Amino acid sequence: MKGKLISGKPRIAAGCFKIAVALLCLALPSGCGKKVWEKQITEEDIVIEGLTGEYDLLFLTDNHMIVMDEDDSEQIAQNAASRFTMFQNEEGVSSAEQFGEWVSYANEEEMDGVLLGGDIIDYPSEANIAFLKEQLERFRMPYLYVLGNHDWTYPWEYMTEYGKTAYRPLFEPYMKGNSAFQVQDFGEFLVVAVDNSGNQIDGEALEEYEEVLEEGRPVIVMVHVPFYAGDLLEKAKTVWNSPVVIGAGAQGGIYPNETSLKFMELTTAEDSPVQAVIAGHVHFYHKGYMEGEKKVLQIVGNAGAYGSAVRLHVHGKS
């Protein structure tokens, strides 16, 4: 049996979920075509001084769901065929099938919210968008979804002006009408989703971000591309052989532009109400700290396509 990740350390997971699925398959007249797989859940605490309640949030990122459809163009079909097996877990279960089970898990566990850290789909085809819509509508709790660099791009339309105007608006119905900046209010604290899928903070988001911080309520920030934190850059360079982390440009990271630099300064200012940053993009788990006038915890989730998620426990107990 594989280890279940608890607070970043492997422990043995209970096999109840596997047994339940297996029994259900036996009970169905036609059996069950779905493969049994084990969720890899990393549990982390975010402690916010003064909180009286306790909140469970499920963080999923980089699922890269691919749904093939007979109406796909030849170009889209070829792209799907070349990438489909890249986004499966060890048991060979597709990212799309896994995502449906993550929705069921969130509902069954009665999570307080779901945070989607981008690249939930691998490209913005009609079939992928339709499946995404169908799954998001199943959540029985609030969700927040920030764009990743793959959600709204194709390899042949990567970060183009046409892609920005044609594909990004497709996600606005699932992003409170604003793909650049969103807020989910949990009463005692806020979660803000800020788009940096283009490797820089979206210029439209900065002013709204400043206004939220001025409220003074505790804030958890969700982005897709992580910021420089500890040894994250070195690990990312080893995996990707390219800069995939914002900050430390002289050391091989992405040089932040003026907007991103201001965002980073606001986030790590001495009087900043930001309690944590959560991100994805690099396809491996990491926990570190953004450095500034104060240190800010940054949690980077492993790719959901590999069967992984982070369960965040937000509370006031130290």
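Two strands count as paired if DSSP finds at least two bridges between them. Keep that in mind for strand 7 and strand 8, which are joined by five bridges and run antiparallel. What you're looking at is a predicted model, and here's a quick tour of its sheet and its nonpolar cores.

**The open sheet**
- Six strands make up an open sheet, lined up in the order 7-8-9-10-12-11, with mixed pairing.
- Strand 7 (181-185) and strand 11 (286-290) sit at the edges with a single partner strand each, so one side of each has no neighbour in the sheet.
- On average, neighbouring strands here are turned by 20° against each other, if you ignore direction.
- As for how strands hold on to each other, strands of a sheet pair through backbone hydrogen bonds, either parallel or antiparallel.

**Zooming in on strands 7 and 8**
- Strand 8 covers residues 190-194, and in it V192 is the bridge partner of V183.
- Helix 6 (residues 206-215) lies across strand 7, strand 8, strand 9 (219-222) and strand 10 (274-279).
- Helix 6 runs at about 165° to strand 8.

**The nonpolar cores**
- The largest nonpolar core has 38 residues, and L58, Y145 and F171 have the most contacts inside it.
- Elements giving two or more residues to this core include strand 4 (55-60), helix 2 (74-83) and helix 3 (95-108).
- Helix 3 gives the most to this core: six residues.
- Leaving aside neighbours within four places in sequence, L58 is in contact with a bunch of residues, among them W102, Y105, V114 and V310.
- Another core, of 33 residues, lies apart from that one, and Y209, L232, F263 and V274 are among its members.

Notes. Residues are numbered from 1 along each chain as its sequence is written. This is a predicted model: local features need pLDDT of at least 70, side-chain atom pairs count only at pLDDT 80 or more; totals for chains, interfaces and linings use all residues. Side-chain values use heavy atoms; hydrogens and water are left out. A nonpolar core is a set of buried Ala, Val, Leu, Ile, Met, Phe, Trp, Tyr and Cys residues joined through side-chain atoms within 4.5 Å. Buried means under 20% relative accessible area, exposed over 50%, partly exposed in between (1.4 Å probe, protein chains only). Helices (H or I, at least four residues) and strands (E, at least two) are DSSP runs, numbered from the N terminus. Contact means heavy atoms within 4.5 Å. Axes are lines fitted to C-alpha atoms, for helices over the stretch in contact, and angles run from 0 to 180 degrees between N-to-C directions.
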